[in-house]
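Dear colleague,

Please find below the structure for your consideration. My findings follow directly after it.

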Amino acid sequence: MSDYIGLIVEGDGEATAAPLLVRRILHEQLQRYNLNLKAFDAHGQGNLTTPGGLERFLELLRRNRDCRAVLVLLDAEDDHVDCPITFARALAVRAQSLQLDKPIAIVCAVCE
């Protein structure tokens, strides 16, 4: 497989939609056309937010040399998320503790 950006998402719907959305945004903003994205379905936000959950997915992507960057997309509208910024920062701290050799972005989406 060629180089790709790994997308870690909550479920089946996001695994289908996220690559299309990210490609469209990068095309519109950066004029990038040939971008390879690969979605990884966490099968629920709880599988990422529980201790060690996010870390397991990131470790899988660390071992894959073709993965050049990671984008974690989560829904921040659930009852347990008081502040999306605090939620994203807490996940970012966990991700940074792994000291991966590739960039990682955490995005917590909120519907307006």
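Glutamate 77 is in contact with Ala109, Val110 and Cys111, once its neighbours within four places in sequence are left aside. This is a predicted model, and the remarks that follow should be read accordingly. Glutamate 77 belongs to the loop between β3 and α4 and is partly exposed, its relative accessible area being 40%. Its C-alpha atom lies 31 Å from that of glutamine 31, a residue 46 positions away in sequence.

The helix that follows this loop, α4, covers residues 84-96. Its 13 residues, at 1.5 Å a residue, should span 18 Å, and the end C-alpha atoms are indeed 18 Å apart, so expectation and model agree. Which residues of α4 are buried? They are Phe87, Ala88, Leu91, Arg94 and Ala95. Because these residues fall within an arc of 120° when seen down the helix axis, they line one face of α4. The other side of the helix carries the exposed residues Ile85, Thr86, Arg89, Val93 and Gln96. The partners against which the buried residues of α4 pack are α2 (46-49), α3 (53-63), β3 (67-75) and β4 (104-109).

Two residues of this helix may be taken individually. Threonine 86, in α4, has a relative accessible area of 51%; since exposed means over 50%, threonine 86 counts as exposed. Between the C-alpha atoms of threonine 86 and cysteine 108 there are 9.8 Å, with 22 residues separating the two along the chain. Arginine 94 also lies in α4, and is listed among its buried residues. Not counting residues up to four places away in sequence, arginine 94 touches Leu48, Thr49, Thr50, Pro51, Gly52, Gly53, Leu54 and Glu55. By contrast, tyrosine 4 is 90 residues from arginine 94 along the chain, and their C-alpha atoms are separated by 22 Å.

Among the contacts of arginine 94 are Gly53, Leu54 and Glu55, which are buried residues of α3. The full set of buried residues in α3 is Gly53, Leu54, Glu55, Phe57, Leu58 and Leu61. These pack against β1 (4-9), β2 (37-41), α2, β3, α4 and β4.

I turn next to the largest pocket, which holds about 280 Å³ of space. Of the 14 residues lining it, Ala18, Leu21, Leu73, Leu74 and Ala109 are the closest to its centre. The elements contributing two or more residues to this lining are α1 (12-30), β3 and β4. Which element gives the most to the lining? It is α1, with six residues. By class, the lining comprises eleven nonpolar and three charged residues, and no polar ones. Ala109, one of the residues closest to the pocket centre, is also one of the contacts of glutamate 77.

Finally, two residues deserve a remark on their backbone. Histidine 43, in the loop between β2 and α2, has a positive phi of about 60° although it is not a glycine. At 62% relative accessibility, histidine 43 counts as exposed. Glutamine 99, likewise not a glycine, has a positive phi of about 50°. Glutamine 99 is located in the loop between α4 and β4 and is exposed, with a relative accessible area of 67%.

With kind regards

Terms used:
Residues numbered from 1 in each chain as written. Predicted model: local features only at pLDDT ≥ 70, side-chain atom pairs only at ≥ 80, totals over all residues. Heavy atoms only, no water. Helix = DSSP H or I, 4+ residues; strand = E, 2+ residues; numbered from the N terminus. Expected span 1.5 Å × (residues − 1). Buried < 20%, exposed > 50% of the residue type's maximum accessible area, 1.4 Å probe, protein only. Arc of directions from axis to C-beta. Contact = heavy atoms within 4.5 Å. 1 Å grid on protein atoms, 1.4 Å probe; cavity = no way out; pocket = protein on both sides within 12 Å on 5 of 7 lines; lining within 4 Å. Points joined across faces, edges and corners; volume = space filled by probe spheres on them. Nonpolar A, V, L, I, M, F, W, Y, C, P; charged D, E, K, R; others polar.
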